[in-house]
Amino acid sequence: MSKVLVVYFSQTGNTESMAKAVAKGVEGAGKEVELIEAENASAADLEAAKVFALGSPATGTEEIDDSYMAPLMDEIEGSLSGKKVLLFGSYDWGDGEFMRTWEERVTQAGAELVTGAGITANLSPDDEVTEALKKAGEELAALV
């Protein structure tokens, strides 16, 4: 059985909660999931996967986490063509611009966004966002 990788960075726990909701959706659809904190993620594993999820909070400059997620993106960007990727993350202020920038970067690299767009939460995910993440996890599971 193929497993779905859900790689995330979380500073306050909000993005981790989002990752766990994605994982519940994958498991609920009968597939195996592996939650991996970005600092422990293997670029080689992501390059080998056809389907995976990436989660990051926004920084104060409305960008993805620059300590772990941005370097990981730099490593895998050249191998994204043809992959199906779910993006998710939380932000505190602004309007979630970080996600639009991230979506553009991933699609320009040739990946297809699962659900058609990233899923964001202002601070902690509410019930609506949590449900969207679970459904996205089910979509990921159907692709492996």
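Is leucine 123 buried, partly exposed or exposed, and what is its relative accessibility? In this predicted model, leucine 123 has a relative accessibility of 39%, so this residue counts as partly exposed. Leucine 123 sits in the loop that links β6 (119–122) with α5 (127–143). Its backbone also deserves a look: phi is near 65°, a positive value in a residue other than glycine.

Glutamate 62 offers a second case of this kind. Here phi is positive as well, at about 60°, although the residue is not a glycine. Glutamate 62 belongs to the loop between β3 (51–55) and α3 (69–76). With a relative accessibility of 8%, which is under the 20% cut-off, glutamate 62 counts as buried.

Attention can now turn to the nonpolar interior. The largest nonpolar core is made up of 28 residues, and those with the most contacts inside it are Val7, Phe52, Leu54, Ile76, Leu80, Trp102 and Val106. Several elements build this core together: β1 (3–8), α2 (43–48), β3, α3, β4 (84–91) and α4 (97–108) each supply at least two of its residues. The largest share comes from α3, which provides five residues.

Valine 106 gives a closer view of how such packing looks. Once its neighbours within four places in sequence are set aside, valine 106 is in contact with Met73, Leu80, Val85, Leu87, Ala111 and Leu113. There is also a second core, separate from the one just described, with 22 residues; among them are Val22, Val51, Phe88 and Ala136.

Note on methods:
Residues are numbered from 1 along each chain as its sequence is written. This is a predicted model: local features need pLDDT of at least 70, side-chain atom pairs count only at pLDDT 80 or more; totals for chains, interfaces and linings use all residues. Side-chain values use heavy atoms; hydrogens and water are left out. Helices (H or I, at least four residues) and strands (E, at least two) are DSSP runs, numbered from the N terminus. Buried means under 20% relative accessible area, exposed over 50%, partly exposed in between (1.4 Å probe, protein chains only). A nonpolar core is a set of buried Ala, Val, Leu, Ile, Met, Phe, Trp, Tyr and Cys residues joined through side-chain atoms within 4.5 Å. Contact means heavy atoms within 4.5 Å.
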